[in-house]
Each structure stands twice: as structure tokens, then as C-alpha cells.
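Colleague: Before I set up any calculations, I would like a close look at one part of this protein, the open sheet together with the helix that lies across it. Please place that part within the whole before you go into its details.

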Amino acid sequence: MSPPETITTLSLQSLNKLSSGKVRDLFDLDANSLLFTATDRISAYDVVLANGVPRKGLILTQISAHWFSVLEQKVPGLKHHLLSLSPPASAPLTPEERSLLRGRTMVCRRLKVFPIEAIVRGYITGSAWNEYFLREELTIPVSSVAHGTVHGIPQPAGLERCGAFPNGPIYTPSTKAPAGEKDENISPQEAVKIVGEKYAARIEELSLSVYTAAAAYARERGIIVADTKFEFALDEATDEVVLVDEVLTPSRFWNAAEWKAGSEAPSYDKQYVRDYLTSSGLKGKPDVELPEAVVEETAKKYQDVFERLTGKTLDQALASLEN
């Protein structure tokens, strides 16, 4: 029996669930590894919507796997946590559970995660733009309230919304807030206080290297990676900093053909969802069910960015798992 096209709730009787996030569930596999699973849930404005997007979890998982493969070739010395895209034969899973997990799970090393989010920004948008221009003060013309910093880091005057940082990408970490709370933007100096100078320096170095390699790879395929978030962990046995969690899934990915500095760029991941919620007065409200047209358009966007980046369809990627 094939699993349904849209899975918003994932329960495995055979494994202990360690945590459940807006999209992903984490299961205990054994003493050395964990099972990361991606559902088809979708969230916007920090609220999980009532219905999901078909095959979204499959795309998020397979696109992360693709990036891990690409990046370990392009970034010297990079280590990551991905072990396999299929649970081992020894895992106590039923055939039905294995079918449910096919394509939407990663077997990953169990490591000590650093308590910061490693964000790299190539373009000024989102909270970075808000800080730079103090856009909360809407009674003051935007052009007259330039603040000049991003995460406390001084920036050149005259930056345009969604424009590239003229001196190249910048590292702008944040705190890693407990579930239900919001991360807080911090400076690189504050990150040093949290994780220590040695590890902070390595996290910053790897973050910038990974972003630069990924941004170049994506741009060759017509996609701009405006900014992205990485998570890193410590391999205590080797004292190495390791790239973990999902990586470079399509959040703040822009179509290069549609991008123009000075105006908001449409995002590949949730643009239609955000537009619908805002225009319908449903932004931030619970239990919202998306209309079928919005769900279909969002699913198409995810599929489009996947095919552009990987050069294959999702079905081709899933078929390769059998090998």
C-alpha cells in the first residue's frame, strides 16, 4: 500500500519520537544515530497551517541530500551528519512504516549541536532590511531613517532593498531559541561568547564558504540564494565542527530572471501562501486551511526549484533510492 500524497502527521510506533517541529519530526534510532523526517506540513508567519503541501517533505529531504553531496565536493574539509537516506535493515520498523518514510527521512549522526543559528546573507532583505532602515517606524519616510547596520555590523550607505551586499556575503548569527520562542539576531562577537572563540571562528568560516559555493552553484541554474541558515554541531571524538540539520532548502530562493534590486523579490518557497494569508486578513491566525489553488501553486514552486537545482524530477530522485 502506497503512502498518501500529503502527510501532515507522522507517527512511528516502532521508534521513540524525540521532538516535533513545524515541519520535521526527530526520532531516536540508536546510540549513534537519529532519524530526521520531513512531513508535508507548511508554516507561515510562525503558524502551522491546517493542510499541507503534497510531497513537500520529500522535496525538502531530497534537496538537502543533494546539497550535502554537492558541498562536500566544493568545500574542502567540510563534514556533515548525513549517513543514509534509508533506515538500516536493523531498525525495528514495520514495512508500512518504511513505506511511509521512503524519500522523506535522513539517518544522521548523533552530535552535540551548537546553540546558535549560523545565518549568511548575500542580499539585504527580511529582518536585515528592517534593521538597516528601521522600517518599523512607518510614520517616517524610509529614505530618512537609514540605520546603517545589520546584526550590529556597519554597512555602506545607500543599500537597496533586496540588493546584494556590495562587499560580499556577511555572517549574521542568531540565538537558537527554545521551541515556541523566536530567535534573536546577534553579532558575531556575541556568538563568540556563546560557543567560544575557536568554534565561533570555524562556524563563521564554514558558513561563508558553504554559502559562497552554494550561491554560485544555484546562480548557474537561475536561482539566487538571498540568505540561508545553517546549523552546526561538534563531533566530540574528533573536535570537528560538522554541518547538520537540513541545508539550503528553498527559503529566500529567488528566480534570478525576476530579481531586481530596489523591490521585493518573490520567494520560491511560500510566496503564494504568504500572499494569500496577508490579502485575506489571515496572517498569523491559527487553523487556517489553504485553498486548493494556493496549495497547487506552492507545490509547483517547490518542484520547480528542485528540478532546477538537481537536474532531475522528484520521481527520478526517489527511484535512485532503490539503488
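Modeller: This is a predicted model, and I begin with the overall dimensions: for 323 residues a compact globule would have a radius of gyration near 20 Å, and the protein has 20 Å, so the two agree. Along the principal axes, the C-alpha trace spans about 60 × 50 × 35 Å. The chain forms eight helices and 17 strands, and 48% of the 323 residues count as buried. If one takes the contacts between residues at least 6 apart in sequence, 65% of them join residues at least 24 apart. The exposed surface amounts to about 15,400 Å², of which carbon and sulfur atoms supply 50%.

Within this frame, the part you ask about is an open sheet of five strands, arranged in the order β1-β2-β3-β7-β6 with antiparallel pairing. Its edges are formed by β1, residues 16-20, and β6, residues 82-84, each of which pairs on one side only. Averaged over the sheet and with direction ignored, neighbouring strands are turned by 35° against each other. As general background, the strands of a sheet pair through backbone hydrogen bonds, in either a parallel or an antiparallel sense.

One pairing can be followed residue by residue: β2, which covers residues 24-28, and β3, which covers residues 33-38, are joined in the antiparallel sense over five bridges. Among the residues involved is Arg24, whose bridge partner in β3 is Ala38.

The helix you mention is α1, residues 56-74, which lies across β2, β3, β6 and β7. With respect to β7, residues 105-109, the helix α1 runs at about 45°.

For context, a few places elsewhere in the chain deserve the same care. Asp46 sits in the loop between β4, residues 43-44, and β5, residues 47-48, and has a positive phi of about 70° although it is not a glycine. Because its relative accessibility is 47%, Asp46 counts as partly exposed. Asp245 likewise has a positive phi of about 70° without being a glycine, and its place is in the loop between β16, residues 240-244, and β17, residues 253-255. Here, however, the relative accessibility is 18%, and since the cut-off for buried is under 20%, Asp245 counts as buried.

Helix α3, residues 126-133, has as its buried residues Ala128, Trp129, Glu131, Tyr132 and Phe133. These buried residues pack against β9, residues 116-121, and β10, residues 149-150. In general, an α-helix has 3.6 residues a turn, so residues three or four places apart point the same way. After α3 comes Leu134, whose phi is positive, near 45°.

Finally, Lys301 belongs to helix α7, residues 292-310, and counts as partly exposed because its relative accessibility is 23%. Once its neighbours within four places in sequence are left aside, Lys301 is in contact with Tyr268 and Tyr272. Tyr272 is 29 residues from Lys301 along the chain, and the C-alpha atoms of the two are separated by 9.2 Å.

Conventions
Residues are numbered from 1 along each chain as its sequence is written. This is a predicted model: local features need pLDDT of at least 70, side-chain atom pairs count only at pLDDT 80 or more; totals for chains, interfaces and linings use all residues. Side-chain values use heavy atoms; hydrogens and water are left out. Buried means under 20% relative accessible area, exposed over 50%, partly exposed in between (1.4 Å probe, protein chains only). Helices (H or I, at least four residues) and strands (E, at least two) are DSSP runs, numbered from the N terminus. Contact means heavy atoms within 4.5 Å. Two strands pair if DSSP finds at least two bridges between them. Axes are lines fitted to C-alpha atoms, for helices over the stretch in contact, and angles run from 0 to 180 degrees between N-to-C directions. The radius of gyration is taken over C-alpha atoms; the globule rule is 2.2 Å times the number of residues to the power 0.38. Accessible areas come from the Shrake-Rupley method with a 1.4 Å probe; for residues, only the protein chains shown count as cover.
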